[in-house]
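Visitor: I've got the sequence and the fold in front of me. Mind showing me around?

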Amino acid sequence: MGMSEFYGPTNDGESVATIQRALELGVDLLDTADMYGPFTNERLVGNAIAGRRDQVVIATKFGNQRREDGSWIGINGRPEYVRQACDASLARLQIDHIDLYYQHRVDTHVPIEETVGAMSELVDQGKVRYLGLSEAAASTIRRAHAVHPITALQTEYSLFSREPEAELLPTVRELGIGFVAYSPLGRGFLAAQPAALEHLSEGDTRGDRFPRFRDENREYNLKLAERVREIAEAQDVTPAQLALAWLLHQGQDIVPIPGTRHPGRLEENVAAADLELDPASVQELDEALPVGAVKGDRYLDMSRVNV
């Protein structure tokens, strides 16, 4: 997402180099969505993987409907739109099938059974291999899974967002569904130097879109992040590596998808896969950032998540 929008100035050349470096390092899951840009990120990914399709699992999403000028239409889970969105994503990505196709947000005006029913038709047609949901509630996941097997749930999960541990993780584990953790670095709190979040660059919308970055919450949350930094320094790793290792420690069914626009940061993140945490380190992190420790909601409008 950040390669195309929301987090300040972008550079397509550097983004393509980052994606291609990821493939060289053995990263084989790329996650995009039609709304990123809008539409431009799928084209970017398609160009970056040209000639390397067999090296990568492509995940993309539909449901957050936008116009070409970037304006928002709303959440759309109507069956006819599912089919249209899939064909458009295939064209932008320049591929003949999507490996993992998510409903980006649940449309509360369309029964989940109808949306997933349309998604399952795409599987039958060979346009999609596996189905996923994003920010769906446990009850919605169960209803969807009864229509067609759901392969993955994508929801925000990190040391800064531990809410899934209460109900979502037990539910997907019961059903045999994988968990894809987005924003595993707390949208930068667990990665950047604190000074980088004090003054966000022009075009970086985090201060507007996410209450945790507002003045009344940011300083408090930066202090929490500083505690993670202290623990990381004691182990001679970066805070990002420590945060990702903590996530990986939560179970083999959890796949974090850290975003970056820079090959150097990518290499730092990938190295976290080789970091083993002992029980004492896990406990120290759990105590430093228990559930509910962070100030501020994840989004301004929480009515669109965990639905």
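**Holes, strands and helices**

Visitor: How much space lies in the largest cavity?
Guide: Rolling a probe the size of a water molecule over the atoms shows where empty space is left. Here a cavity is a set of points, on a 1 Å grid over the protein atoms alone, where a 1.4 Å probe fits but cannot get out; points are joined across faces, edges and corners, and the volume is the space filled by probe spheres set on them. Searching the whole structure turns up 2 cavities of 30 Å³ or more. For the largest one, the figure is about 50 Å³.

Visitor: Before we go on, what pLDDT do local features need?
Guide: Residues count from 1 along each chain as its sequence is written, and side-chain values use heavy atoms, with hydrogens and water left out. This is a predicted model, so to speak with small print: totals for chains, interfaces and linings use all residues, side-chain atom pairs count only at pLDDT 80 or more, and local features need pLDDT of at least 70.

Visitor: How many charged residues line the largest cavity?
Guide: A lining residue has an atom within 4 Å of a cavity point, and the list here is E156, F160, G186, R187, F189, F210, R212, F213 and R298. Ala, Val, Leu, Ile, Met, Phe, Trp, Tyr, Cys and Pro count as nonpolar, Asp, Glu, Lys and Arg as charged, and the others, Gly among them, as polar. That gives 4 nonpolar and 1 polar, and the number of charged residues is 4.

Visitor: Which strands stand at the edges of the open sheet?
Guide: Strands are DSSP E runs of at least two residues, helices are H or I runs of at least four, and both are numbered from the N terminus; two strands pair if DSSP finds at least two bridges between them. The open sheet has 7 strands, paired in parallel in the order β1-β2-β5-β6-β7-β8-β9. Two of them have a single partner strand each, so one side of each is left without a neighbour in the sheet: β1 (29-31) and β9 (254-256).

Visitor: Which residue in β9 does F179 stand opposite?
Guide: Strand β8 (residues 178-182) runs parallel to β9, and 3 bridges join them. Across from F179 in β9 is I254.

Visitor: In the β3 and β4 hairpin, which turn residue has a positive phi?
Guide: β3 (residues 64-66) and β4 (residues 72-75) run antiparallel, joined by 3 bridges, and N64 has I75 as its bridge partner. There are 5 residues between the strands, and the one with a phi of about 95° is G70.

Visitor: Are α9 and α12 roughly parallel or roughly antiparallel?
Guide: Axes are lines fitted to C-alpha atoms over the stretch in contact, and angles run from 0 to 180 degrees between N-to-C directions. Under 35 degrees counts as roughly parallel, over 145 as roughly antiparallel, 65 to 115 as roughly perpendicular and the rest as oblique. Helix α9 (residues 215-234) packs on α12 (residues 279-288) at about 165°, with axes 10 Å apart. The pair is therefore roughly antiparallel.

Visitor: Where does the cis peptide bond sit?
Guide: Most residues other than glycine have a negative phi, and most peptide bonds are trans. P38 is in the loop between β1 and α2 (40-48). With omega near -5°, the cis bond runs from G37 to P38.

Conventions:
On a 1 Å grid over the protein atoms alone, a cavity is a set of points where a 1.4 Å probe fits but cannot get out, and a pocket is an open set with protein on both sides within 12 Å along at least five of seven lines; lining residues have an atom within 4 Å of a point.
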